[in-house]
Amino acid sequence: MIPFLSLKDVTSLHGEEIQEAVARVVSGGWYLQGSENEKFEEDYSRFIGSKYTVGCANGLDALILIFRAYIEMGVMAPGDEVIVPANTFVATILAITENGLVPVMVEPRMDTLEIDDSLIEAAISSRTKAICIVHLYGRNAYTEKIGPLCRKYGLKLVEDNAQAHGCIALDGRRTGSLGDAAGHSFYPGKNLGALGDGGAVTTNDPSLAEAVRSLANYGSSKKYVFKYCGRNSRLDEIQAAVLDVKLSHLDDDNLRRKEIAAFYYDNISNPAISLPVRLAGENNVYHIFPILASRRDELQKYLKDNGIGTVIHYPIPPHKQECYKQWNGLSYPVTEYIADHELSLPISPSMTLEEAAEVVKRINAFE
Ligand SMILES: *Cc1c(COP(=O)(O)O)cnc(C)c1O
């Protein structure tokens, strides 16, 4: 039996250190906004390569807080447009609509599955204020075209780095440090996962960091003084302590994912299956290993019958969701093709190469 992902096994990889960190916080008696958050924020900033990290409750909040802060700062206003890939997890879009901003969805490329940079410029209007790229599946989505486009039109570049902790972009910098701000999720299944919910915003902009921090703390940066109508979105001390342990192993854990992925790339040879283009090793941390299969649902059932767990990321694209009825009639054929053909194979730092070999054997035997 090879599960899609065993969180129990992933946690066990660093089990003792994690138990110690949790015990330290429990017995320390300080559970919010303390030294564990401070340390994690400092370490995460250094890791990502940005000046500031602000911990918050989850990845969706991280993205919501970025756009809300830009609105409070007068950089954006409700009704403004944000360019975003049509092929993403719905949370990216929710963060935009939650703030009264308008997502302008752009197709991904069929070979990379990431936003098609050749289609971005045509989507820019006089109301466009930002481009939000998503490093989906752990793959770097930044290209040399995107930075110059932002400068040419005066747009903010926001990164959704929920799936790509540790990923290195084209110029050697890590995703999450490439634009003006980035939202990170520490949902348990992510490459850097907590034992519950968690998230963070990274940025080099001190005013943005300050606004996000106070918006996440009821709108206050001074106790009982409220500048904004904020919310409560904090990272708790236990999660910060756990994340700091896992951060110290993240590059190694990602290396294991890369080994599994290399094995898949080198050995999957079933003509009914195609793989996205293989990025140079460092530009992908393989949060998910997506394949495209013509008879996807049959393949998924066959693998399940053979004891192999898979997941579809994602079966219904955001523009086809009931919550976005107003866009249900729009047509994004590449995105829709991916939704109908994508299947994610097991991959995780706790998976063995023997297990990967078993997955390959079964896939290649599928007719
Ligand atoms: C997981 C995820 C989010 C949301 O993060 P949560 O911590 O679950 O709120 C946002 N965007 C993408 C691309 C994600 O994968």
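Colleague: What makes the pair formed by aspartate 160 and the ligand a polar contact in this predicted model?

Modeller: A polar side-chain atom of aspartate 160 lies 2.8 Å from a nitrogen atom of the ligand. A polar contact is a pair of N or O atoms within 3.5 Å, so this pair qualifies.

Colleague: Which atoms of serine 185 and glycine 59 lie at such distances from an oxygen atom of the ligand?

Modeller: For serine 185, an N or O atom in the side chain is 2.6 Å from a ligand oxygen. For glycine 59, a backbone N or O atom lies 2.7 Å from an oxygen atom of the ligand. The protein buries 91% of the 380 Å² that the ligand exposes when taken alone.

Colleague: Where does the ligand sit, and which helices each supply at least two residues of its shell?

Modeller: The ligand occupies the largest pocket. Helix 4 (59-72) and helix 5 (90-97) each supply at least two shell residues.

Colleague: Why is leucine 113 called buried?

Modeller: The relative accessible area of leucine 113 is 1%, and buried means under 20%; therefore leucine 113 is buried. Its place is in the loop between strand 3 (102-106) and helix 6 (120-123), and its phi is near 70°, a positive value in a residue other than glycine.

Colleague: How do you know whether tyrosine 224 is buried or exposed?

Modeller: Tyrosine 224 has a relative accessible area of 67%, and exposed means over 50%, so tyrosine 224 is exposed. This residue is found in the loop between helix 8 (206-215) and helix 9 (237-248). Phi of tyrosine 224 is also positive, near 65°.

How values were computed
Residues numbered from 1 in each chain as written. Predicted model: local features only at pLDDT ≥ 70, side-chain atom pairs only at ≥ 80, totals over all residues. Heavy atoms only, no water. Polar contact = N/O pair within 3.5 Å; in protein donor to acceptor, adjacent residues only side chain to side chain. Areas by Shrake-Rupley, 256 points an atom, 1.4 Å probe, with all protein chains shown as cover. 1 Å grid on protein atoms, 1.4 Å probe; cavity = no way out; pocket = protein on both sides within 12 Å on 5 of 7 lines; lining within 4 Å. Sits in = over half its atoms within 2 Å of the grid points. Helix = DSSP H or I, 4+ residues; strand = E, 2+ residues; numbered from the N terminus. Buried < 20%, exposed > 50% of the residue type's maximum accessible area, 1.4 Å probe, protein only.
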